[in-house]
Amino acid sequence: MTTNPSRRLLVVDDEPEILAEVAAYLRRRGETVVTASSFTQGLQILGDDTVPIDVLITDGRMPDGSGIDLLQAAVGRPGGIQALILMTGHFEESDLPAELQEAGVVVVYKPFSLAALYREMGAAWEANRPIQPTFEPVPAVNGASA
């Protein structure tokens, strides 16, 4: 059971077995998951403002494009994405463009356990969540109520 049942995830990977396994694992934890089996399909979903996305998890290398390019498209998406995850065996965090480093992209190195991926996603989500303001009661002045 998850403490964030409203998270909506886009998972992009060109390897069907990995895509299915990651998506199934996340769904079992109560996440809402949309999948894309290619860079092009992922870009189409990112371009559709009617599809809400809170978290993007993408493979680094796909035959039709780069996960880096997909992450860059996500950074500019209206409404923002709270967590950006790059699954890779090829890129180092230092290879990320400054824009993606500033956006807090988390690199998860292959091979990884699904539990480790979920922990990293949760940490990225918490680190990038908007802070909800808390209000202190205003004390009464000269006997008037606030």
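**Entry 1: Asp-13**

I looked up Asp-13 and found a relative accessible area of 0%, so Asp-13 counts as buried. I note the cut-offs here: buried means under 20% relative accessible area, exposed means over 50%, and partly exposed is in between, with a 1.4 Å probe and protein chains only. The model is a predicted one, where local features need pLDDT of at least 70, side-chain atom pairs count only at pLDDT 80 or more, and totals for chains, interfaces and linings use all residues. Residues are numbered from 1 along each chain as its sequence is written, and side-chain values use heavy atoms, with hydrogens and water left out.

Which residue meets the side chain of Asp-13 in a salt bridge? I found Lys-110, at 4.0 Å from N to O. The pair links distant parts of the chain, 97 residues apart: Lys-110 sits in the loop between β7 (106–109) and α5 (114–128), and Asp-13 in the loop between β1 and α1 (16–28). For the record, a salt bridge is a side-chain nitrogen of Lys or Arg within 4 Å of a carboxyl oxygen of Asp or Glu. Side chains of opposite charge can pair when their charged atoms come close.

**Entry 2: Lys-110**

Is Lys-110 buried or partly exposed? I read a relative accessible area of 28%, so Lys-110 is partly exposed. Lys-110 also forms a salt bridge with Asp-59, at 2.8 Å from N to O. Here Asp-59 belongs to strand β3 and Lys-110 to the loop between β7 and α5, with their positions 51 residues apart in the chain. Asp-59 is buried, because its relative accessible area is 3%. I therefore wrote down two buried partners for Lys-110, Asp-13 and Asp-59. Asp-13, Asp-59 and Lys-110 are linked in a network of salt bridges.

I then checked the peptide bond from Lys-110 to Pro-111, which is cis, with omega near -10°. Most peptide bonds are trans. Pro-111 is placed in the loop between β7 and α5.

**Entry 3: Asp-54 and Arg-8**

How many salt bridges does a search of the whole structure find? I got four. One of the pairs I looked at is Asp-54 with Arg-8, whose closest N and O atoms are 2.9 Å apart. The pair links distant parts of the chain, 46 residues apart: Asp-54 is in the loop between α2 (39–47) and β3 (55–59), and Arg-8 is in strand β1 (residues 8–12). Asp-54 has 10% relative accessibility and so counts as buried. Arg-8 has 32%, so I list Arg-8 as partly exposed.

**Entry 4: the whole chain**

I counted elements next: the chain has five helices and seven strands. Helices (H or I, at least four residues) and strands (E, at least two) are DSSP runs, numbered from the N terminus. Read from the N terminus on, the order is β-α-β-α-β-β-β-α-β-α-β-α. Of the 146 residues in the chain, 40% are buried. The accessible surface comes to about 8,200 Å², and 54% of that belongs to carbon and sulfur atoms. Accessible areas come from the Shrake-Rupley method with a 1.4 Å probe; for residues, only the protein chains shown count as cover. I also looked at contacts (heavy atoms within 4.5 Å). Among contacts between residues at least 6 apart in sequence, 66% join residues at least 24 apart.

**Entry 5: Glu-93 and its surroundings**

Where is Glu-93 found? I located Glu-93 in the loop between β6 (83–88) and α4 (98–102). Its relative accessibility is 43%, which means that Glu-93 counts as partly exposed. Not counting residues up to four places away in sequence, Glu-93 touches Gln-101, Val-107 and Tyr-109. The C-alpha atoms of Glu-93 and Tyr-109 are separated by 10.0 Å, and the two residues are 16 apart along the chain. Gln-101 has its place in helix α4 and is partly exposed, with a relative accessible area of 44%. With the same sequence limit of four places, Gln-101 touches Glu-93, Ser-94 and Leu-96.

Glu-93 also gathers with Glu-92, Asp-95 and Glu-120 in a patch of negative charge on the surface. Patches are made of residues with over 30% relative accessible area and no salt bridge, with like charges joined within 9 Å and nonpolar side chains (Val, Leu, Ile, Met, Phe, Trp, Tyr) within 5 Å. Lys and Arg count as positive and Asp and Glu as negative; His and the chain ends are not counted. The place of a charge is taken as NZ of Lys, CZ of Arg, CG of Asp or CD of Glu.
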